[in-house]
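Reader: I should like to go through the space inside this structure and the molecule it holds. Please set each value against the criterion behind it.

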Amino acid sequence: MRILRTIDEVRSAIAAARVNGDSIGLVPTMGAFHEGHLSLMRAARAAHDLVVVSLFVNPTQFGQNEDLGSYPRDEARDAALADAEGIDILFVPAADEIYPDGFATTIHVSGVTDVLCGASRGPRHFDGVATVVAKLFAIVAPDAAFFGQKDAQQVLVVRRLVRDLNLPVEVVACPIVREPDGLAMSSRNIYLDADARERATALNRALTAADDAAGAGARDAGEILAAARAILDAAGVDPEYLELRDADDLREVARVDGDALLAVAARVGAARLIDNHILRGGA
Ligand code: AMP
């Protein structure tokens, strides 16, 4: 595996691969790898000749009071894990390689960014995501890019970006990878002390309770959400949001008839956690 730090180096490597007729898969990450990240790398590795993983803690997607300064960083460990997955290139740019002096362009995807994390973290979060993803697509020019369904809204933002700007990139969403007790894996789980780690399991248990209610025939959003909220209440978890929305356009749904995204965000101890399930209303 090659570790590249400049855009020029990545462009040269990509140009050489294209001459060979290689297909290219990209996995954008902020590092602190866990099995969730590794699952994306495996999916990319299985489908493409050359796999690029980017490792960049993107400052523009963090709010002022968020954890940019304390976000876990361990490049050597991440490089060893990516290497073990057979990744070809780990792209680790410095912040000023991506945002040089005078950088003045922001991509704003409207609509799907107005709700959920766009509302709770502020609109600049997804502007930062859309801008850095567009840049990575321009730098790597991948055939496909791999994202986790853990960040369901991010997947929708990237799909909208790709569609609206006619970017020739297939967006592949991979399933959420969980700890044995159901907690969705996240780089931020290291912020959880023992008590918070235990309470954090309430997120997936709440989503599962809502799933069960829908599975038992409940269609009313209020009824389904109440089943989830009862679990959060019992664990003393007060969500930033707990909402049922259309899985494609994030419109609020009053009844679950098609696929609905049940999404939760909550501060648990020192960590802000998110999780989601897709409820299959038609089933
Ligand atoms: P991050 O480094 O947190 O920005 O995540 C990089 C990519 O990994 C994103 O596409 C995330 O959605 C994905 N990811 C993070 N956690 C998980 C998980 N538990 N399961 C699947 N994908 C994940």
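Reader: What volume has the largest cavity, and how is that volume defined?

Author: The largest cavity has a volume of about 870 Å³. The volume is the space filled by probe spheres set on the grid points, which are joined across faces, edges and corners. The model is predicted: local features need pLDDT of at least 70 and side-chain atom pairs pLDDT 80 or more, while totals for chains, interfaces and linings use all residues. Residues are numbered from 1 along each chain as its sequence is written, and side-chain values use heavy atoms, without hydrogens and water.

Reader: What makes this space a cavity?

Author: A cavity is a set of points, on a 1 Å grid over the protein atoms alone, where a 1.4 Å probe fits but cannot get out. A search of the whole structure finds 2 cavities of 30 Å³ or more.

Reader: Which residues count as its lining?

Author: Lining residues have an atom within 4 Å of a point. The largest cavity has 49 of them, and Met30, His37, Lys150, Asp151 and Gln154 lie nearest its centre. Helix 6 gives the most, with 6 residues.

Reader: How do you know where the ligand sits?

Author: A molecule sits in a cavity if more than half of its atoms lie within 2 Å of the cavity's grid points. The ligand therefore meets this criterion for the largest cavity.

Reader: Which residues are closest to the ligand?

Author: A residue is near a molecule if one of its heavy atoms lies within 4 Å of it. The ligand is surrounded by 18 residues, the closest being Met30, His37, Asp151, Val177 and Met185. Helix 2 provides the largest share of this shell, 3 residues.

Reader: Why is the pair formed by the ligand and Met30 called a polar contact?

Author: A polar contact is a pair of N or O atoms within 3.5 Å. An oxygen atom of the ligand lies 2.9 Å from a polar backbone atom of Met30, so the pair qualifies. A ligand nitrogen atom is likewise 2.9 Å from a polar backbone atom of Met185.

How values were computed
Polar contact = N/O pair within 3.5 Å; in protein donor to acceptor, adjacent residues only side chain to side chain. 1 Å grid on protein atoms, 1.4 Å probe; cavity = no way out; pocket = protein on both sides within 12 Å on 5 of 7 lines; lining within 4 Å. Helix = DSSP H or I, 4+ residues; strand = E, 2+ residues; numbered from the N terminus.
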